[in-house]
Structures are given as C-alpha cells and as structure tokens.
Amino acid sequence: MIALSAPRRTVPGKRPKAFTWQPEADTFIALFTLLAFSLCYYAGTSINSIFLWCGILVFGTFIPLWTVLHRRGESLEQLGITRKFLVTSLIVSFVLGAGSAFQLITLASASNANIASHLVANFLVLWEPFFVFGWLYLRWERAFGWLPAIALTGLGFTIQHLGSVPLAAAAGFGVFAIMFAVVFALVRNMVVLWPLFYPVASGIGTLQAGFVMGWDDAGISAILLVLQLLIFWWVATKPRSLRAA
C-alpha cells in the first residue's frame, strides 16, 4: 500500500535501484505540481507572465521545499543540494558546458542574438533544473527506480511545454531533459547541471526553439532567482515543529 501518514526515509548512501515500486504521497504531490505548473506555463506564455511567475514560486519552489523539509523531515540532499560528488560534478559540468559553448555561439550568431544577454538570462534560471531534476526526477527515482525516472523526466518536460511551443519543439525539449537526467542520475547533485552546464545547454535549446533572450529577460530571471532564494531561506529556517502531519 502507499504510505500516506508515515513516509519512508531515504537511507543515506544507498544507491537507487533501476526498477522499483514505492510510490508515496510525495509521488502524487510531484505529479500534481507538474500538471499545475504546466498549466501555469501555458497561461504565462498565452495570457500573462504573472501565471508563470506564480507557477515557478508556488509549484516549482515552495511546495517541493515544504514537502521534503517539513512534511518528510528530510534534508536538502533529497532535492539534489548536497556536497556529495561535488568536485566530480563541477568537473563534469565544466567539460559539458565548455563542449557545448561552440554550438551556442554558432546558433547565437545565426539568430543575430546577443550572446551575452541570452547566456546571462539562462544562467539565472535556477528554478528549472531544481524543479525538473532536484524535485521531479528524485521523486520518480525513489518511487519507480532510476531508469523509469529518466524517461518520466523527459515526458514531464515535454508536457510542461505543451501548448507553449510547437509540439516538435516540446518533444525536442523532452529529449534534452532525458540527456540531462542521465547526467544528473550519475551523481544526484544539482551542481552537475547548474550553474555551468545547464545555462549553455538551455541557451542552445531556447535558440533552436526560436526564443532569443535580451537584457529585459535577464532582469526578470534575476528577480525570480532572488524570490526563489528567499523562499529557500524562509522554508529552510522554519522550525521543524511546523512540519505537516
């Protein structure tokens, strides 16, 4: 049965299985946040960007943090924020980012994009790797195993963009997410993606989808990052006595 009142604690250092079946309440919370955020993403691109902002801060940041830190009583490590494999993650991230830089520069030149503003705008996007990999991927991995989690992450990333971009572009984003998930699964440390590799790869993906980001986009990304970090601080410093039943 699915444990709703007494969630299982993750054993430190235990490597996940390729396949398992251990869905819990946070598995369904993760699914809810994915669907709710996808609606916010669509509304944010078709109606008003305030919907996207709310989706990022509520469904993409607050609920994941509160669920892990207070409902489950776990640490930030269960969201991919850890010192484990830190040096390895930095090296892999640097190599992958540097290896992708030439493609980004080539695409930016072909699109007449300002490479500086486009890269900075993508660099400031912490919410996406946190939500997709630190939150969703690690929920799928614990519930179903790392192999289904990789596939589900790609599917979820496609769903997230449905209606906001053409179907082919959404599917392409899903393929990107699968590649990111493979890299993330090796170390389960957010540093392997952000801040070195993910901004470059995301810059490539957005240019391929026809999105060119200027300094105004970078400014919005900076505001969102500050708000997200404030939520991190507020939730992380709340007494554990406020943990949900």
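Colleague: What hand does the crossing of α3 and α4 have?

Modeller: In this predicted model, the crossing of α3 and α4 is right-handed. That label is for a near helix turned clockwise from the far one by less than a right angle.

Colleague: And why are α3 and α4 called oblique to each other?

Modeller: Look at the angle. The axes of α3 (residues 86-110) and α4 (residues 115-123) come within 10 Å and cross at roughly 125°. The roughly perpendicular range ends at 115 degrees and roughly antiparallel means over 145, so 125° falls in between and the pair counts as oblique.

Colleague: Which residues of α3 and α4 meet?

Modeller: From α3 you have L104, I105 and A108, and they meet I115, H118 and L119 of α4. By class, that contact has five nonpolar residues, one polar and no charged ones.

Colleague: What makes H118 the polar one?

Modeller: His is on neither the nonpolar nor the charged list, and whatever is left over counts as polar. Leu, Ile and Ala are on the nonpolar list.

Colleague: Now the loop between α3 and α4. Why does N112 count as exposed?

Modeller: N112 sits in that loop, and its relative accessibility is 72%. The cut-off for exposed is over 50%, so N112 passes.

Colleague: What is phi of N112?

Modeller: Near 55°, a positive value in a residue other than glycine. Most residues other than glycine have a negative phi. R188 also has phi near 55°, and R188 lies in the loop between α7 and α8.

Colleague: That brings us to α7 and α8. What makes them roughly antiparallel?

Modeller: The axes of α7 (residues 167-187) and α8 come within 11 Å and cross at roughly 165°. Anything over 145 degrees counts as roughly antiparallel, so that is the verdict for α7 and α8. The crossing of α7 and α8 is right-handed.

Colleague: Which residues of α7 and α8 meet?

Modeller: F173, F176 and F180 come from α7; F197, Y198, A201, I204, G205 and Q208 come from α8. They divide into seven nonpolar and two polar residues, with no charged one. G205 is in the polar group because Gly counts as polar here.

Colleague: How do you know that F197 is buried?

Modeller: F197, in helix α8 (residues 197-208), has 9% relative accessibility. Buried means under 20%, so F197 qualifies. Leaving aside neighbours within four places in sequence, F197 is in contact with S93, L96, G97, S100, F180 and V192. With L96, the separation is 101 residues in sequence and 5.9 Å in space, C-alpha to C-alpha.

Colleague: What kind of peptide bond joins W194 and P195?

Modeller: A cis one, with omega about 20°. Most peptide bonds are trans. P195 is in the loop between α7 and α8.

Colleague: Let's turn to the charges. Why do D26 and R142 count as a salt bridge?

Modeller: Their side chains meet at 2.6 Å, N to O. The limit is 4 Å between a Lys or Arg side-chain nitrogen and an Asp or Glu carboxyl oxygen, so D26 and R142 are a salt bridge. D26 is in α1 (residues 25-46) and R142 in α5 (residues 127-144), 116 residues apart. Both D26 and R142 are buried.

Colleague: What does E74 pair with?

Modeller: R72, with the closest N and O atoms 3.1 Å apart, and R142, also at 3.1 Å, N to O. E74 lies in the loop between α2 (49-71) and α3 while R142 is in α5, so this pair ties together parts that are 68 residues apart in sequence. R72 and E74 are both buried.

Colleague: Which residues make up the network of salt bridges?

Modeller: E24, D26, R72, E74, R139 and R142 are linked in it. The structure holds eight salt bridges.

Colleague: One last thing. Why is Q228 called buried?

Modeller: Q228 is in helix α9 (residues 215-237), and its relative accessible area is 1%. Under 20% is buried, so Q228 qualifies. Not counting residues up to four places away in sequence, Q228 touches L57, T61, L126, W127 and F130.

Conventions
Residues are numbered from 1 along each chain as its sequence is written. This is a predicted model: local features need pLDDT of at least 70, side-chain atom pairs count only at pLDDT 80 or more; totals for chains, interfaces and linings use all residues. Side-chain values use heavy atoms; hydrogens and water are left out. Axes are lines fitted to C-alpha atoms, for helices over the stretch in contact, and angles run from 0 to 180 degrees between N-to-C directions. Helices (H or I, at least four residues) and strands (E, at least two) are DSSP runs, numbered from the N terminus. Angles under 35 degrees count as roughly parallel, over 145 as roughly antiparallel, 65 to 115 as roughly perpendicular and the rest as oblique. Contact means heavy atoms within 4.5 Å. Buried means under 20% relative accessible area, exposed over 50%, partly exposed in between (1.4 Å probe, protein chains only).
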